Amino acid sequence: MVAAAGNLRGTAGSEQRSAIGVVGMRSRKDRERDRAARKEEDERRAETDRRGEELREAWRQRHPEEDRGQRQGRPKKDGAT
C-alpha cells in the first residue's frame, strides 16, 4: 500500500506541474489577446479622432464667419451662447 500511495503522490505532483504550465500558457495568450484588443481600440480611437478633426475643419472652411464669431466670444446667430 505504501508503494501505491507513493505512485499516486508522484502522479499528483506531475499533474499539478502540468496544470500550472497550462495556466501560464493561458495567461500569456490572454495577455497577448488583451494587448491586441487594446491596440485595435487605440487605432479605432485615433481614426475616430482624426476623422472628427477632418469634419471640424471641413465645417470651418464652409462656415468661416460663424467660426470666427465663436472664437471671438460673440453669440451665435440664434442668440445662444
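Which residue's side chain meets that of Arg51 in a salt bridge? Select Arg51 and Glu54 to see the pair. Their side chains meet in a salt bridge, 3.1 Å from N to O. Keep in mind that this is a predicted model.

**The whole protein**

Zoom out before going further. Show the secondary structure: the protein has 2 helices and 0 strands. Helix α1 covers residues 2-62. Now color by accessibility. Of the 81 residues, 4% are buried. Turn on the surface. About 7,500 Å² is exposed, and carbon and sulfur atoms supply 52% of that area. Salt bridges come next: the structure holds 10 of them.

**Arg51 and Glu54**

Go back to the opening pair. Both residues lie in helix α1, 3 residues apart, which is about one turn of the helix. Check their accessibility. Arg51 has 42% relative accessibility and counts as partly exposed. Glu54 is also partly exposed, at 35%.

**Glu53 and Arg56**

Select Glu53 and Arg56. The side chains of these two form a salt bridge, with 3.1 Å between N and O. Helix α1 holds both residues. They sit 3 residues apart, about one turn of the helix. Arg56 is partly exposed at 43% relative accessibility. Glu53 is partly exposed at 36%.

**Glu57 and Arg60**

Move on to Arg60, still in helix α1. Add Glu57 to the selection. A polar contact of 3.0 Å joins the two side chains. Arg60 has a relative accessible area of 28%, so it counts as partly exposed rather than buried, the cut-off for buried being under 20%.

**The network at 41-45**

Which residues are linked with Glu41 in a network of salt bridges? Select Asp42, Arg44 and Arg45 together with Glu41. Salt bridges link these four residues into a network. Show their side chains as sticks to trace the links.

**Asp30 and Arg33**

Next, select Asp30 and Arg33. A salt bridge joins their side chains at 2.6 Å, N to O. The two are 3 residues apart in helix α1, so about one helical turn separates them. Is Arg33 buried or exposed? Arg33 is exposed, because its relative accessible area of 53% is over the 50% cut-off. Asp30, its partner in the salt bridge, reaches 33% relative accessibility and counts as partly exposed.

**The positive patch**

Which residues form a positive surface patch? Select Arg28, Arg31, Arg35 and Arg38. Together these four arginines make up the patch. Arg38 is placed in helix α1. Color the surface by charge to view the patch.

**Last view**

Finish with helix α1 in one frame. Show Asp30 with Arg33, two residues of this helix. Add Arg51 with Glu54, also in helix α1. Then add Glu53 with Arg56, again in helix α1. Arg60 completes the selection, as another residue of the helix.

Key
Residues numbered from 1 in each chain as written. Predicted model: local features only at pLDDT ≥ 70, side-chain atom pairs only at ≥ 80, totals over all residues. Heavy atoms only, no water. Patch = residues over 30% accessible without salt bridge, like charges linked within 9 Å, V, L, I, M, F, W, Y side chains within 5 Å. Areas by Shrake-Rupley, 256 points an atom, 1.4 Å probe, with all protein chains shown as cover. Lys, Arg positive; Asp, Glu negative; His and termini not counted. Charge placed at Lys NZ, Arg CZ, Asp CG, Glu CD. Helix = DSSP H or I, 4+ residues; strand = E, 2+ residues; numbered from the N terminus. Buried < 20%, exposed > 50% of the residue type's maximum accessible area, 1.4 Å probe, protein only. Polar contact = N/O pair within 3.5 Å; in protein donor to acceptor, adjacent residues only side chain to side chain.
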